[in-house]
Amino acid sequence: MNCSKCSKPAVTLIRYSGQHLCAGHFLDFTEKRVRRELRRQLDLDKRITVAVGLSGGKDSSVTTYLLSSILRKRPTVEIMAITADEGIANYRPGGVEASRELCRSLDIPHHVVSYKEELGWTMDRVVETDPKTIPCSYCGVFRRYVLNKKARELKADYVATGLNLDDTAQSVLMNVARGDMERMARLGPHDRVQEDMIPRLQPLRLVPEKESYLYAMLRGVQFHDATCPYSERAVRGVFRDVLSRLESEIPGTRHSILSSFDQMRPWLDRQFSVSKVRKCRTCGEPTINVECKACELVDKLEAMVT
Ligand code: SF4
């Protein structure tokens with residue numbers, strides 16, 4: 001099959017638009033969407049520092065590559081990357097190495113921040129101590145904590161994540177299924193956040209996961225292709241399966257979910273105003289409670305070992 005835009009052989013069929021695209025037109029199609037998102041999410045006339053939360057996996061590596069190629073020619077934009085080391089043996093060291101390598105090749109400053117150093121726990125020890133838990137419920141809280149803290153120390157204005165269209169549509173569905181509109185209101189990208197919290201950018205929010213993979217392959221973006229040993233226990237997996245079935249039966253479902261979320265956004269913003277924050281009594285990081293969620297979880301773990 002040939003490309004719908006030229007006579008070259010197509011490398012992919014974009015089912016939700018019915019287009020066959022050759023390598024060149026596919027790369028162009030992806031880059032245009034990311035450029036548009038960046039213009040929508042950022043004020044590019046201001047001087048800004050963007051820290052990418054880089055795990056070394058395909059999505060965050062593609063995000064780092066795209067931010068670097070699109071934004072770094074602008075003298076007002078500074079880009080850096082932060083890798084959170086969760087302390088998962090046989091998984092994270094490969095991601096840290098891939099992140100280091102990518103940043104070296106793109107000439108971007110790279111910082112590694114570990115759960116062990118910041119919170120005293122590795123994810124392997126968390127799972128050993130609380131074997132019945134869903135590991136991601138600890139890991140997600142710890143990751144937000146270390147990334148926000150490090151980004152603030154580095155004076156970053158934004159943290160860019162590698163969240164793609166599938167991730168975002170899954171999050172919207174999960175929040176609808178739980179009836180948790182308040183959490184839905186906190187989904188990124190952010191144009192308003194609490195004091196000391198660094199807003200999130202989501203450059204890949206319109207790029208489906210498979211297209212992110214194909215982009216990495218065609219552009220030769222190196223990444224660590226491995227799966228976290230704890231991911232099978234994640235509740236998100238159920239929503240991933242449901243969504244991928246819906247998308248295969250009704251192409252365009254993920255875009256429709258995202259569009260519904262965007263239409264709901266003004267209502268969500270009015271309904272759930274930004275809560276006032278205080279400093280966590282244990283670590284001093286911002287929280288709406290007396291103690292932040294990360295310290296609460298650490299207390300819970302420590303109680304289990306004593
Ligand atoms: Fe952490 Fe879960 Fe991701 Fe593994 S799959 S790195 S436990 S959030």
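This passage describes the sheet, the nonpolar cores, one enclosed helix, one loop residue and the cysteines of a predicted model.

The sheet is open and consists of five strands, arranged in the order S5-S4-S3-S6-S7 with parallel pairing. In general, the strands of a sheet pair through backbone hydrogen bonds, and the pairing is either parallel or antiparallel. The edges are occupied by S5 and by strand S7 (200-201), and each of these has a single partner strand, so one side of each is left without a neighbour in the sheet. At one edge, strand S4 (residues 77-85) and strand S5 (residues 110-114) are joined in the parallel sense by five bridges. Within this pairing, Ala-81 has His-110 of S5 as its bridge partner. Between S4 and S5 the chain passes through helix H3 (residues 92-106), and the resulting β-α-β crossover is right-handed. At the other edge, two bridges connect S6 and S7, again in the parallel sense. Here Ala-160 is placed opposite Leu-201 of S7.

The largest nonpolar core contains 36 residues, and the members that touch the most others are Leu-42, Leu-67 and Leu-71. Two or more residues each are supplied by helix H1 (23-41), strand S3 (48-53), helix H2 (58-71), S4, H3, strand S6 (158-160) and helix H9 (209-219). The greatest contribution comes from H2, which gives five residues. For Leu-71, when residues up to four places away in sequence are not counted, the residues touched are Leu-38, Leu-42, Leu-44, Leu-66, Val-77 and Ile-79. Another core, of 33 residues, lies apart from this one; Val-113, Tyr-115, Val-141 and Tyr-145 are among its members.

Helix H7 (residues 165-178) is made up of 14 residues. The distance from its first C-alpha to its last is 20 Å, close to the 20 Å expected at 1.5 Å a residue. Of the 14 residues in H7, 10 are buried, so the helix is largely enclosed by the rest of the structure. The buried positions comprise Leu-165, Asp-166, Asp-167, Thr-168, Ala-169, Gln-170, Ser-171, Val-172, Met-174 and Asn-175. Their cover includes helix H8 (181-185), H9, helix H10 (236-249) and helix H11 (253-271). H9 thus appears in two settings, because it also gives two or more residues to the largest nonpolar core.

Ser-275 is found in the loop that links H11 to strand S8 (278-279). Its relative accessible area is 29%, so Ser-275 is classed as partly exposed. Leaving aside neighbours within four places in sequence, the contacts of Ser-275 are with Gln-194 and Ile-288. Ser-275 and Gln-194 are 81 residues apart along the chain, yet their C-alpha atoms are separated by 6.9 Å.

The whole structure was searched for disulfides, and zero were found. For Cys-6, the closest cysteine sulfur belongs to Cys-22 and is 3.7 Å away; this is too far for a bond, because a disulfide requires sulfur atoms within 2.5 Å. Cys-6 is partly exposed, with 26% relative accessibility. Cys-280 is likewise in no disulfide, and its nearest cysteine sulfur, that of Cys-283, is 3.7 Å away. Cys-280 has a relative accessible area of 4% and is therefore buried.

Methods: Residues are numbered from 1 along each chain as its sequence is written. This is a predicted model: local features need pLDDT of at least 70, side-chain atom pairs count only at pLDDT 80 or more; totals for chains, interfaces and linings use all residues. Side-chain values use heavy atoms; hydrogens and water are left out. Two strands pair if DSSP finds at least two bridges between them. Helices (H or I, at least four residues) and strands (E, at least two) are DSSP runs, numbered from the N terminus. A crossover is right-handed if, with the strands pointing away from the viewer, the path from the first strand over the helix to the second runs clockwise. Buried means under 20% relative accessible area, exposed over 50%, partly exposed in between (1.4 Å probe, protein chains only). A nonpolar core is a set of buried Ala, Val, Leu, Ile, Met, Phe, Trp, Tyr and Cys residues joined through side-chain atoms within 4.5 Å. Contact means heavy atoms within 4.5 Å. The expected span of a helix is 1.5 Å times one less than its number of residues.
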